[in-house]
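This report reads through a single protein chain by way of its strands, its turns and its core. The sequence and the structure are shown first, and the text then follows them from one hairpin outwards.

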Amino acid sequence: MARRSLPQADTDFPSWVRTLGAMKAQGVVPIAWCTVCHVQQPVDLDKLIAIKSVGFSLINRRPACSLTTGCLGRVRFMYPAHGCLRALETEPCTDWRIERDWRARQAMAAAIRQVEEEREEKRKRDRR
Ligand SMILES: [Zn+2]
């Protein structure tokens with residue numbers, strides 16, 4: 001089965017998800033989801049509108065993860081439609097993002113390894 005392709009341009013998305021104001025008016029609650037720590041959280045539209053404005057779009061936005069302290073990942077935005085979540089991303093944007101997410105995961109794994117090694121070193125020192 002062919003993978004369902006993503007929209008090619010911002011204008012291919014339904015008008016009710018193209019801006020924060022449109023989502024608010026439609027009662028749509030977008031979901032922020034981090035591809036590294038896998039935390040998923042509804043977006044506080046009122047708060048975001050106060051910061052960014054009603055005309056701001058979440059399409060192709062990938063802010064640094066603030067869902068988990070110390071996470072090096074980037075957040076993806078999704079919107080609910082027909083009982084499932086759809087990415088607020090266009091096709092041309094996905095490839096380099098997959099690459100960047102992979103790098104973030106590698107960096108996180110390296111950081112965890114380092115902490116474990118340091119802990120092991122400390123344990124060895126304490127034993128002496
Ligand atoms: Zn994260």
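In this predicted model, β1 and β2 form a hairpin in which five residues lie between the two strands, and H38, a residue of that turn, has a positive phi of about 65°. H38 lies in the loop between β1 and β2, and its positive phi is found in a residue other than glycine. H38 is also exposed, because 11 other C-beta atoms lie within 10 Å of its own, and a residue counts as exposed when that number is 12 or fewer. The two strands of the hairpin run antiparallel and are joined by three bridges; within this pairing, A32 stands opposite Q41 in β2.

A second hairpin is made by β3 and β4, with two residues between them, and here H82 in the turn has a positive phi of about 50°. H82 is found in the loop between β3 and β4, and H82, too, is a residue other than glycine with a positive phi. With 5 C-beta neighbours inside 10 Å, H82 counts as exposed. Four bridges join β3 to β4, and the two strands run antiparallel; P80 stands opposite L85 in β4.

How are the two hairpins connected within the sheet, and in which order do the strands lie? The four strands form an open sheet in the order β2-β1-β3-β4, with antiparallel pairing. β2 (40–42) and β4 (84–87) stand at the edges, and since each has a single partner strand, one side of each is left without a neighbour in the sheet. On average, neighbouring strands of this sheet are turned by 35° against each other, direction ignored. The link between the hairpins is the pairing of β1 (residues 31–34) with β3 (residues 75–81), which run antiparallel and are joined by four bridges.

The following table collects residues that face each other across the strand pairs.

| Residue | Stands opposite or is bridged to | Strand of the partner |
|---|---|---|
| A32 | Q41 | β2 |
| A32 | F77 | β3 |
| I31 | M78 | β3 |
| C34 | V75 | β3 |
| P80 | L85 | β4 |

A32 thus appears with a partner on either side: Q41 in β2 stands opposite A32, while F77 is the bridge partner of A32 in β3.

Which side chains of β1 point to the buried face, and which point to the other? The side chains alternate along the strand, so that A32 and C34 point to one face and are buried, whereas I31 and W33 point to the other and are not, burial being counted from 20 or more other C-beta atoms within 10 Å.

The largest nonpolar core has 14 residues, and those with the most contacts inside it are V17, V75, F77 and L88. At least two residues of this core are supplied by each of α1 (20–26), β1 and β3, and the largest share, three residues, comes from β3. L88 touches V17, P30, L58, I59, F77, M78 and Y79, when residues up to four places away in sequence are not counted. V17 and F77 therefore appear both among the residues with the most contacts in the core and among those that L88 touches.

Helix α2 (residues 45–52) gives another picture, for this helix is hardly covered, and the count of buried residues among its eight residues is zero. α2 is followed by S53, whose phi is positive, near 105°.

Taken as a whole, the protein chain has three helices and four strands, and read along the sequence these follow the pattern α-β-β-α-β-β-α. The radius of gyration of the protein chain is 19 Å, well over the 14 Å that the globule rule gives for 128 residues, so the chain is more spread out than a compact globule. Along its principal axes, the C-alpha trace spans about 65 × 40 × 25 Å. Of the 128 residues, 13% count as buried. Among contacts between residues at least 6 apart in sequence, 67% join residues at least 24 apart.

Technical notes. Residues are numbered from 1 along each chain as its sequence is written. This is a predicted model: local features need pLDDT of at least 70, side-chain atom pairs count only at pLDDT 80 or more; totals for chains, interfaces and linings use all residues. Two strands pair if DSSP finds at least two bridges between them. Axes are lines fitted to C-alpha atoms, for helices over the stretch in contact, and angles run from 0 to 180 degrees between N-to-C directions. The radius of gyration is taken over C-alpha atoms; the globule rule is 2.2 Å times the number of residues to the power 0.38. Two residues are in contact if their C-beta atoms, placed from the backbone, lie within 7 Å. A nonpolar core is a set of buried Ala, Val, Leu, Ile, Met, Phe, Trp, Tyr and Cys residues joined through C-beta atoms within 7 Å.
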